[in-house]
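User: Hi! Could you take a close look at one part of this structure for me, the place where the two chains touch, and then set it in its surroundings?

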2 protein chains.
Amino acid sequence: MSHPLFDQHRPLLDQALQAIATRGYWAAFSENPSPKAYGEDAAEAGRAAFQAHLGKPFEIEQPGQSGWHVGEKSPYGLALDIQYPVCDPQALVQAAQQAMPAWQALGAEGRTGVCLEMLQRLNQHSFEIAHAVMMTSGQGWMMAFQAGGPHAQERGLEAVAYAWREMSFIPASSHWEKPQGKHPALVMEKHFEVVGRGVAVVIGCATFPTWNTYPGLFAALATGNPVILKPHSQVVLPAALTVRILRGVLAEQGLDPNLVTLCLPPSHAAAQSLYTHPDVHSIDYTGSNTFGHWLQNNCRQAQVYAELAGVNSIVIDSTDDYKGMLRNLAFTLSLYSGQMCTTSQALVVPAQGIDTNDGHKTYEQVCGDLAQAVDQFLAKPEVAHAVLGAIQSDDTLSRTERAAAGEMGRVILAPRTLHNPDFPQARVRTPALIACDAEHAEHFSQEQFGPISFVVRASDTPAALTLVEGLTRRHGALTLGLYSTRQATVDAAIHLSWRAKVALSINLTGGVFVNQSAAYSDFHGTGGNPAANASYADSAFVANRFRVVQRRQHVAGAQS
Amino acid sequence: MSHPLFDQHRPLLDQALQAIATRGYWAAFSENPSPKAYGEDAAEAGRAAFQAHLGKPFEIEQPGQSGWHVGEKSPYGLALDIQYPVCDPQALVQAAQQAMPAWQALGAEGRTGVCLEMLQRLNQHSFEIAHAVMMTSGQGWMMAFQAGGPHAQERGLEAVAYAWREMSFIPASSHWEKPQGKHPALVMEKHFEVVGRGVAVVIGCATFPTWNTYPGLFAALATGNPVILKPHSQVVLPAALTVRILRGVLAEQGLDPNLVTLCLPPSHAAAQSLYTHPDVHSIDYTGSNTFGHWLQNNCRQAQVYAELAGVNSIVIDSTDDYKGMLRNLAFTLSLYSGQMCTTSQALVVPAQGIDTNDGHKTYEQVCGDLAQAVDQFLAKPEVAHAVLGAIQSDDTLSRTERAAAGEMGRVILAPRTLHNPDFPQARVRTPALIACDAEHAEHFSQEQFGPISFVVRASDTPAALTLVEGLTRRHGALTLGLYSTRQATVDAAIHLSWRAKVALSINLTGGVFVNQSAAYSDFHGTGGNPAANASYADSAFVANRFRVVQRRQHVAGAQS
């Protein structure tokens, strides 16, 4: 049952398995967009490849095509004008099912080998994909390259490693021999087949079209399932490139490319008929609560892996590195204009202020110093544009404007509109900081996606922790931060994190940020609070995507 | 983090881990109720212990007790008259939550050690539990001992082994060091805590009150969750004994016994309020579709692991051991009067008959020979009573009477009422065999739980396979049998089993039966068809019962 691609990529797989076992730092792919890592011509070739897509139909030979999808918008104002095939979801499901038996027959080793080859191939297209991610999601270039390229690939590889580990526990066969005292033993031979659950739908989001897509995509594929990738209607190119690259690998291997298809449904009703299709057995989704809950309520035939909205918090009790804390927070709040599901929204500070290595700071001083830190960090336009990127959606833009108008509380840092000389049409906003009391929770207790954060005044640190626990348990969170020099407070936050099931970052003052999650080491989401019902990645993320079907019979010749 | 009980039971755990990895035969506990295995006095002591419960209140010191539950009925007609505490489910949930932090703090090793000790302790009570299982479920003595005692304990141990394997992959901590080129590396220390999802409810069934309960019970416990065990209202004693034994182990270990409680709710509404309680995060259930679907539709706050009704089939195409086949089927249909979720209901035979080593047999001959084989097998009263046991429920009894009256098709073997001299009030029925055509599916295509099977005439073997695939995919099945000497037919059945996701037994003519499932080796249910959404046991059965909560901080002294 071995497979050439499995043998070829085995060293990579073994390293990934080692990484998820020890959870130390490891990377399969360079996050540095350098000629040394990617080749002398890679940057220019990637840019040219991206440019070549503009204004043209993006051909994928898929069944059931009825027209072309248009309407992709670039937050940078670039005219993309790419057309994508619109296909009947029923035809895609049918084609996916036809592709499934050969994929199952390949076995766990074969599928794993092909998935690893796919990831290698995606990595070779990192520059092209990075441009696509940048221009559709609005991420800055470096983030688009890293998060959209190698970091997304690492998350995909991580999922493959988990899937392989679980599948590899299932022996292909066994010899079962039960003693019967003086009588001859009962002897059976048994075979165990890993069988995918059925068609998987992976629904992409607008802000991280590859990073939030690859875990579900590769978890489903590796465990034997065909995948229909449904991108956000305005953020298509990264998904289309991914699908084309994967289909290319499948075709090279003599496999049916329709194992992986891109779905831009012809209508809302057609999209719903895909999600509720009786042969769709899993759905991976990142996005709003409204649609996520619709999926959970209506797609009962499928296992839904959902990452939804949340309210991420930081409790600021005290610090021995005030400037480091402010620098760290300024970057966290600025990165991609807060358009990350991991960005902190509620920074909770005791009313009496905080003790720091620079002396006691009142609540108002913390507000002012944090506002100033953000301003200073974004003072240089080239830094600001690289970090902020552009605002992806109209909703985020209008939300930011409401915050700026004081509708969410007292504005302590007004969001500014910046002009990006490289992209004059880009819509760029600096973060808004709002001050409010813990009692006035109506705005900070719901996700305000984008560059909007609140410095919340709580009566004291225990009240701050209680507030944050309630927010996390009721509304969900992917991240929780704490700044404190007091061990008792740290311990209280640790216990809180267990009860509320949220990842905790303690006293980050350097080059690691609460909103960043490293593959193989950091679990992205715990799956234990309302922000996500699954984690990238763990055993639970893969184990229920396949089933084991056994058969047993007497051993020929043996008495039984 | 090691624990004395973990160290003590480590050899047992290692053997269980080896068994689930190789899936060969292994048993931790003797299935032989012999003095050699269990001690000279065990049988008599167990009988006396059982007798001592009769007619008395079964005291368990649980919170929220408001009265006593009565109404347990013995299919053997024995007056049990045991009273069990009725407790407010809200009080049990609250007590369970209070018990949870110390259980979490014990860590994976500690919890695993305590669970293994619990299983050992249950094993020492095998005779007492066997009497309880026999007298409440109506199983015959040997089955009650084996399935109710050691086999149930093996399934519990199997679940603990899976839970341990998954939890053991999570390192307690990691050192994360990311190179930064010429700059100092980013260095973090990270900690990972395995945290249970929350209160688990395990709902027992009337026929296998321990075998179908221990997997969920021990999977939930080992992964850090408190368990509220809700037995069938007429089959309580096996659960009550289990709960008392487990609470005894907890108390010995200085742990809160309310980690495991018995719930006999004061009302239907109180029961529903338990299942839908926001702090109940998992429900394990074996039973009817009606209630199972109610749980799935109404307990959206919980992960529901459900084993429901199904229609198990056997396709009889040909055989080279006709007598062996008939003997094997006669036992399968007789065992516990077909009151097993794994018993075959639809035996599908081609209209043109089958080729056998005794020559060609027409459809009618197969019907007649099978009826005769069942009759012969049950000819000796002592064999009949030992194998049949008694009919557990009124519903099964009246269903059997409807079958006997010809309401489900032509009766080719009428069920007989037997008199059990040891238990004059026992309600004993031999199996009913009904002949019908594949077109008349209204009776055989729904679960007819109990001693009712159909010999279904299909036009030919391919039609038989198609029928069975449809039954399995639409109505679910835990088992599928095939008798065929033709490799092409065997291959077709194997592929069918993959599509319909059902365990296949091929040409069983000896001492292994399609309705028996061996721990560590046979997956009970695939989790991939409507009969069950989970399997005993696999990674998926345990992996989503806990979450991992991480924390990270800079390493003291390291630059970052």
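Analyst: Happy to: the contact between the chains comes first, followed by a sheet in one chain and the overall build of the other. Please keep in mind that this is a predicted model.

Let's start at the contact itself. Chain A contributes 53 residues to it and chain B contributes 52 residues. On the chain B side, several elements each bring at least two residues to the surface that touches chain A. The helices among them are helix 1 (4-22), helix 18 (487-500) and helix 19 (539-543) of chain B. The strands are strand 3 (173-180), strand 4 (183-196), strand 20 (503-506) and strand 21 (546-554) of chain B. Strand 21 of chain B gives the largest share of that side, with 8 residues. By residue class, the side of chain B that touches chain A holds 20 nonpolar, 19 polar and 13 charged residues.

Strand pairing also crosses from one chain to the other. Strand 21 of chain A, residues 546-554, runs parallel to strand 20 of chain B, and 3 bridges join the two. To find this pairing in your viewer, look for A:Gln553, which stands opposite B:Ile506 in strand 20 of chain B.

Now for a sheet inside chain B. This is an open sheet of 5 strands with parallel pairing, and its order is 7-6-5-8-9. Strand 7 (260-262) and strand 9 (303-307) of chain B form the edges, each pairing on one side only. On average, and with direction ignored, neighbouring strands of this sheet are turned by 15° against each other. At one edge, strand 9 of chain B is joined by 5 bridges to strand 8 of chain B (residues 280-286), and these two strands run parallel. Within that pair, B:Asp284 has B:Tyr305 in strand 9 of chain B as its bridge partner.

Finally, here is the partner chain as a whole. Chain A is built from 19 helices and 21 strands. Its radius of gyration is 25 Å, close to the 24 Å that the globule rule gives for 560 residues, so chain A is as compact as a globular protein of that length. Along the principal axes, the C-alpha atoms of chain A fill a box of roughly 85 × 65 × 50 Å. Of the 560 residues in chain A, 61% count as buried. As for contacts in chain A with a separation of 6 or more, 75% of them come from residues 24 or more positions apart.

Notes
Residues are numbered from 1 along each chain as its sequence is written. Chains are lettered from A and ligands numbered from 1 in the order in which they are written. This is a predicted model: local features need pLDDT of at least 70, side-chain atom pairs count only at pLDDT 80 or more; totals for chains, interfaces and linings use all residues. Two residues are in contact if their C-beta atoms, placed from the backbone, lie within 7 Å. Helices (H or I, at least four residues) and strands (E, at least two) are DSSP runs, numbered from the N terminus. Ala, Val, Leu, Ile, Met, Phe, Trp, Tyr, Cys and Pro count as nonpolar, Asp, Glu, Lys and Arg as charged, and the others, Gly among them, as polar. Two strands pair if DSSP finds at least two bridges between them. Axes are lines fitted to C-alpha atoms, for helices over the stretch in contact, and angles run from 0 to 180 degrees between N-to-C directions. The radius of gyration is taken over C-alpha atoms; the globule rule is 2.2 Å times the number of residues to the power 0.38. A residue is buried if 20 or more other C-beta atoms lie within 10 Å of its own, exposed if 12 or fewer, and partly exposed in between; C-beta atoms are placed from the backbone.
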